[in-house]
Amino acid sequence: MNVEHNHDIYTSKDHSFIQWEAKVREGLCDRCNTEKDHSLDYEELLGSGQYKESYRADMICWGEMKRQQDSGFFCRLAIKHATQPIWIISDCRRMSDVQWFHEEFPDRCICVRVEASEQTRSQRGWRYATGIDDAESECGLDEGVKFDFIIRNDGADDVLEKQLEDLLSLIKSREEESNTLHNIKPEK
């Protein structure tokens, strides 16, 4: 598969893999001039280190305010440069985001949850932080969402590979259904 990388969107002939968190933060910095307005280090905010963690609660509050003003604000930022017919948007975290994609693209959405045990997450460096890990941005999709597919990511490569193959089959079948529904003939 020929894959190109451009601004946190990985593309091949048929799909775009959009890294939600990075695209949204990049869009915010572009749109709101965050670096200048708040003297923040954009590159550090994109990382996973202590710098990001020290601003995480403030970013969550600001994000909730923006969502109340416009529930599709971050969704549009995430897909702004996507051009392929299939988009894989990683790390969608809120019910309003899932609802927006289902409303805007009703016959093209597949909602996938990736889960790992707390033990696995701890081994990967995660530590629970009250006021952050219990916020909607971290657990807002734990209940009330009908997932089309659930992936267990506890470290067994062969199990993960099989799950990804099954997910790809589901994506292909949905694409075929959608093309049939809209009378679109695939290119040869």
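**Entry 1: Leu167 and the core**

I started at Leu167, which, neighbours within four places in sequence set aside, is in contact (heavy atoms within 4.5 Å) with Ile110, Val112, Phe149 and Ile151. I kept in mind that this is a predicted model, where local features need pLDDT of at least 70, side-chain atom pairs count only at pLDDT 80 or more, and totals for chains, interfaces and linings use all residues. Residues are numbered from 1 along each chain as its sequence is written, and side-chain values use heavy atoms, with hydrogens and water left out.

Next I looked up the largest nonpolar core, and found six residues: Ile86, Phe149, Ile151, Leu167, Leu170 and Ile171. Such a core is a set of buried Ala, Val, Leu, Ile, Met, Phe, Trp, Tyr and Cys residues joined through side-chain atoms within 4.5 Å. Buried means under 20% relative accessible area, exposed over 50%, and partly exposed in between (1.4 Å probe, protein chains only). Strand E6 (149–152) and helix H9 (157–181) each give two or more residues to this core, and H9 has the largest share with three. Helices (H or I, at least four residues) and strands (E, at least two) are DSSP runs, numbered from the N terminus.

**Entry 2: strand E6**

Which residues of E6 point to the buried face? I found Phe149 and Ile151 there, while Ile150 and Arg152 point to the other face and are not buried. That fits the general pattern: in a regular strand the side chains alternate between the two faces of the sheet.

I then checked the partner of E6: strand E5 (residues 112–115) runs parallel to E6, joined by four bridges. Strands pair if DSSP finds at least two bridges between them. Val112 stands opposite Phe149.

**Entry 3: salt bridges**

I took a salt bridge as a side-chain nitrogen of Lys or Arg within 4 Å of a carboxyl oxygen of Asp or Glu, and the count came to 11.

Asp148 caught my eye. Its side chain meets Lys146 at 3.9 Å, N to O, and Arg174 also bridges to Asp148, with the closest N and O atoms 3.3 Å apart. Arg174 lies in H9 and Asp148 in the loop between helix H8 (136–139) and E6, so this pair ties together parts 26 residues apart in sequence. Lys146 is exposed at 67% relative accessible area, while Asp148 is partly exposed at 25%.

Back at the end of E6, I found Arg152 in a salt bridge with Asp154, at 2.6 Å between the closest N and O atoms. Both belong to a network with Arg113, Glu115 and Asp142.
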